[in-house]
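This report walks through one protein chain for a reader at the bench. It begins with the nonpolar interior and then takes up helices, a hairpin, two single residues and the cysteines.

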Amino acid sequence: MTQISFIFNNSKRHSRKIQELIELCQAQDDFKVLLNHTSRPKEAISFAYHNALDGIDVIVAVGGDGTINEVVNGIMFSPNRPYLAIIPNGTGNDFANELDFNFDFKAFIENVRKRHAQPMDIIEIRNKSKNFYFINICDIGFGGKVVEILENQRRLFGGRMSYPFAILRAFVSYKRPIIKCVMDDYTYEGEILLIALCNGSTFGDGLVISPNANPQDGIMEVAIFGKVSLWDYVKNLRKIKKGKFVEHPQVKYLRTKKVVVSSDDTAVTSEMDGEHLPLRNFEAEVLPLEISVIKY
């Protein structure tokens with residue numbers, strides 16, 4: 001018997017196609033299906049954690065990059081390691097798009113049944129109080145500011161205030177902080193527009209910030225946009241969307257297995273896979289092939 005748990009981001013309506021897949025899973029004699037619908041932020045972490053503890057075989061994240069991030073954290077907090085499956089149902093779906101999955105019902109059922117999966121790296125973030133995990137990208141600086149503004153907007157106004165409006169507010173107010181970033185064989189210290197710690201290549205709804213990133217190679221790609229103006233960044237967005245490297249004296253692309261980030265600037269904020277990360281001093285390290293993702 002295969003125990004499979006679907007965790008839905010309940011702020012997003014799922015399509016008839018997704019409902020058909022759930023019903024197909026429920027019709028399998030050898031599947032036991034559990035449905036979990038979130039009612040508040042971070043609840044998917046709790047669902048995934050308890051699913052893993054209860055011996056669920058496959059946990060399916062139905063949502064966008066943020067939902068995947070919460071499910072990954074729930075799995076990683078548990079001593080058990082169920083398989084992860086992804087049904088993209090978010091705004092950007094950057095990580096799912098990068099994996100290039102097809103919405104093939106038959107393949108999904110058979111690969112869940114046979115545990116046909118790809119082992120993938122996870123990146124662990126550690127500070128003195130808590131560990132966090134991400135499967136795609138952690139953005140220190142501008143992206144973190146956007147997500148911080150977006151979360152504040154949601155608390156004050158609900159879901160009516162948009163991501164583009166948060167970007168506009170960050171664009172107007174953002175000032176480059178000073179960050180120290182220590183890697184295996186390189187240290188950067190100075191102003192930053194952003195530093196992206198990359199397991200995957202793409203974030204921000206299609207921005208290929210690190211073209212060579214591969215979530216199966218045991219390496220973290222680091223993209224440093226140092227003393228780069230927001231206008232320079234905007235001028236290069238078309239190139240970034242096409243997956244091309246930005247040629248700029250203040251842009252560096254590096255590879256490492258571990259990085260230590262520190263700053264005395266209290267305005268520094270970060271995000272991981274679209275989730276706010278309220279840290280400015282931490283270390284991040286690759287955990288090679290730590291999670292298995294069902295292919296379909």
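## Nonpolar cores

In this predicted model, the largest nonpolar core has 44 residues, and those with the most contacts inside it are Leu 84 and Phe 108. Leaving aside its neighbours within four places in sequence, Leu 84 is in contact with Ile 59, Ala 61, Val 71, Val 72, Ile 75 and Ile 135, and also with Ile 291, Ser 292, Val 293 and Ile 294. Apart from this core lies another, of 26 residues, which includes Ile 125, Met 183, Tyr 188 and Val 268.

## Helices 2 and 3

Helix 2 spans residues 43-53, and within it Glu 43, Ala 44, Phe 47, Ala 48, Asn 51 and Ala 52 are buried. Seen down the axis of helix 2, these buried residues fall within an arc of 165°, and they therefore line one face of the helix. The general background is that an α-helix has 3.6 residues a turn, so residues three or four places apart point the same way. The cover over the buried residues of helix 2 includes strand 1 (2-8), strand 2 (31-37), strand 3 (58-63) and helix 3 (65-77). After helix 2 comes Gly 55, whose phi is positive, near 85°.

Helix 3 is mostly covered, with twelve of its 13 residues buried. The buried residues of helix 3 include polar ones by name, among them Asp 65, Thr 67, Asn 69, Glu 70 and Asn 73, as well as Ile 68, Val 71, Val 72, Ile 75 and Met 76. From its first C-alpha to its last, helix 3 reaches 18 Å, close to the 18 Å expected at 1.5 Å a residue.

## Two residues in contact with these helices

Where does Pro 82 sit? Pro 82 is in the loop between helix 3 and strand 4 (83-88), and at 7% relative accessibility this proline counts as buried. Not counting residues up to four places away in sequence, Pro 82 touches Ala 52, Ile 56, Asp 57, Ile 59 and Ile 75.

Glu 275 belongs to strand 17 (residues 275-277) and is buried, with a relative accessible area of 13%. With its neighbours within four places in sequence left aside, Glu 275 is in contact with Lys 42, Gly 66, Asn 69, Glu 70, Val 147 and Ser 270.

## A hairpin

Strand 5 (residues 117-126) and strand 6 (residues 131-134) run antiparallel and are joined by four bridges. The two strands form a hairpin with four residues between them. Ile 125, which is also one of the residues of the 26-residue core, has Phe 132 in strand 6 as its bridge partner.

## Cysteines

How many disulfides does a search of the whole structure find? The search finds zero. The sulfur of Cys 138 is 9.2 Å from the closest cysteine sulfur, in Cys 198, which is too far for a bond, given that a disulfide calls for sulfur atoms within 2.5 Å. The same distance is found starting from Cys 198, whose closest cysteine sulfur is that of Cys 138, at 9.2 Å. Cys 198 can also be placed relative to Pro 82, since the C-alpha atoms of these two residues, 116 residues apart along the chain, are separated by 23 Å.

The table gathers the relative accessibility of four buried residues discussed above.

| Residue | Relative accessibility |
|---|---|
| Cys 138 | 0% |
| Cys 198 | 0% |
| Pro 82 | 7% |
| Glu 275 | 13% |

How values were computed
Residues are numbered from 1 along each chain as its sequence is written. This is a predicted model: local features need pLDDT of at least 70, side-chain atom pairs count only at pLDDT 80 or more; totals for chains, interfaces and linings use all residues. Side-chain values use heavy atoms; hydrogens and water are left out. Buried means under 20% relative accessible area, exposed over 50%, partly exposed in between (1.4 Å probe, protein chains only). The arc is that of the directions from the helix axis to the C-beta atoms. Contact means heavy atoms within 4.5 Å. Two strands pair if DSSP finds at least two bridges between them. The expected span of a helix is 1.5 Å times one less than its number of residues. A nonpolar core is a set of buried Ala, Val, Leu, Ile, Met, Phe, Trp, Tyr and Cys residues joined through side-chain atoms within 4.5 Å.
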